[in-house]
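Me: Could you walk me through the aromatic pairs and the nonpolar packing here? I'd like to take it one question at a time.

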Amino acid sequence: MITDGITPSMKSTRNRLSARYLTTLRAHLGQNKAANGDRAQGLGRAALASGMVVLDLVVMHEHALKALASSFDLAETGDTSAKRAGYFFTQALIPLEAAQFAAREINHHLRQRNEVLRLHAVALTKGNRELQHEIALRKTAEATTKKGKEEFHALYLESQSMQKKLRQLTRQIIQAQEEERKEISRELHDEVVQTLVGINVELSALGKGASISLLTLKEKIARTQRLVENSVNAVHRFARELRPAVLDDLGLIPALHAYSKSLAERKKLKIHMTAFGGVEALGSAKRTVLFRVAQEALTNVARHAHATQVNMSISEISGAIRMEISDNGKSFAVEKAFQAKNHKRLGLIGMKERIEMVGGSLVITSTPGQGTTVRAEIPFNQEKAKI
């Protein structure tokens, strides 16, 4: 059974040690020779070995003094017996004090060691945080590098694709230019050259026919004049399509009126036009852009839409000019047309590029049963661009 942490075995040991302490102290007090502290220190070592502390030894010493009080005069501190008992007790305390001193030294060293360990732990914790931060930075740098490589690779592929598209577009432009030149050559040959040949034939006939009547002469002259007029009209038409002089001389609205009237007469179209007069305040570059967009849009209607009516309007919106051209012809897939690989898409791309060059925007919508609408918007406050 254990009471207050002391087992029966420990209690028995302490009782025996207490009895031994009493016996040894009695013998010590009864000696006449000089005091010897060896036996007292031996008791102290035995007490220390049994787990006793200074207080336990104090209690043991008091019990012994009470038991010896009747045999020795211990009340007077100046008495020899009292001095010898005090000496015995101090000698018995020496092993316990030495052990406590050693324990204090050990505890002191332990506290110092614990402080060193604590500082090491703090430094280690700080080092771990710095290491984790460094690892995070490295991971971020690696992720950034990887992302940069991926973006560079994507940009490289995009660049390759754009170069391929540019080469293809260049070939299409060259092909379109050749087609346009062939068309102009054919038109010049079929109309202007043939007309001039006819004029030459008529003039040769007049030179050879000296005896023709006045009436016949007048008819030949009138026919020759008509041929000259047709030739002049053809040349004028070519000039208007290449660069209408009226655009530079009179402005955008008269140029669009003239072009619309000519196209309507040749293609049997009804073109209705309304225009905001303030459009003429735009710079020459922007007015040229609007004319080219209208020219391309109307040409596409005449060639592909099979429309009977076209509405063209130029109006003012907030800080910009809007030109809208709509027809009642058949629709087409706008996105597919922009992505086509033939030269027919160049007109659409040309319109878009011209508008964007002057800071504007172009929107083309085409709906089955409703026709196609081309809407171009150009701001007033953008710098002039070269066309």
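Reply: Sure. Contact here means heavy atoms within 4.5 Å. This is a predicted model, where local features need pLDDT of at least 70, side-chain atom pairs count only at pLDDT 80 or more, and totals for chains, interfaces and linings use all residues. Residues are numbered from 1 along each chain as its sequence is written, and side-chain values use heavy atoms, with hydrogens and water left out.

Me: How many aromatic pairs are there?
Reply: Rings of Phe, Tyr and Trp (its six-membered ring) pair if their centres lie within 6.5 Å; planes under 30 degrees apart are stacked, over 60 edge-to-face, and the rest tilted. Going by that rule, the count is two.

Me: What kind of aromatic pair do Tyr21 and Phe88 form?
Reply: Tyr21 is in helix H1 (residues 8-30) and Phe88 in helix H4 (residues 80-208), 67 residues apart, so the pair links distant parts of the chain; helices are DSSP runs of H or I with at least four residues, strands are E runs of at least two, and both are numbered from the N terminus. The ring centres are 5.3 Å apart with 75° between the planes, and that makes the pair edge-to-face.

Me: And why is the pair of Tyr259 and Phe291 edge-to-face?
Reply: Their ring centres are 6.1 Å apart. The planes sit at 75°, so this pair is edge-to-face.

Me: Is Phe291 buried or exposed?
Reply: Buried means under 20% relative accessible area, exposed over 50%, and partly exposed in between (1.4 Å probe, protein chains only). Phe291 has 1% relative accessibility, so it counts as buried.

Me: Which residues is Phe291 in contact with, leaving aside its neighbours within four places in sequence?
Reply: Phe291 lies in helix H8. Its C-alpha is 6.8 Å from that of Leu256, 35 residues away along the chain. With those neighbours left aside, the contacts of Phe291 are Pro244, Leu247, Leu252, Ala255, Leu256 and Tyr259.

Me: Which element gives the most to the largest nonpolar core?
Reply: A nonpolar core is a set of buried Ala, Val, Leu, Ile, Met, Phe, Trp, Tyr and Cys residues joined through side-chain atoms within 4.5 Å. The largest one has 38 residues, and Leu252, Leu256 and Val279 are among those with the most contacts inside it. Several elements each supply at least two residues, including H7, H8 and strand E2 (309-317). The top contributor, with nine residues, is H8.

Me: How many residues are in the second, separate core?
Reply: This core includes Leu25, Met52, Val54 and Leu96. Leu25 is also one of the buried residues of H1. The size of the second core is 20 residues.
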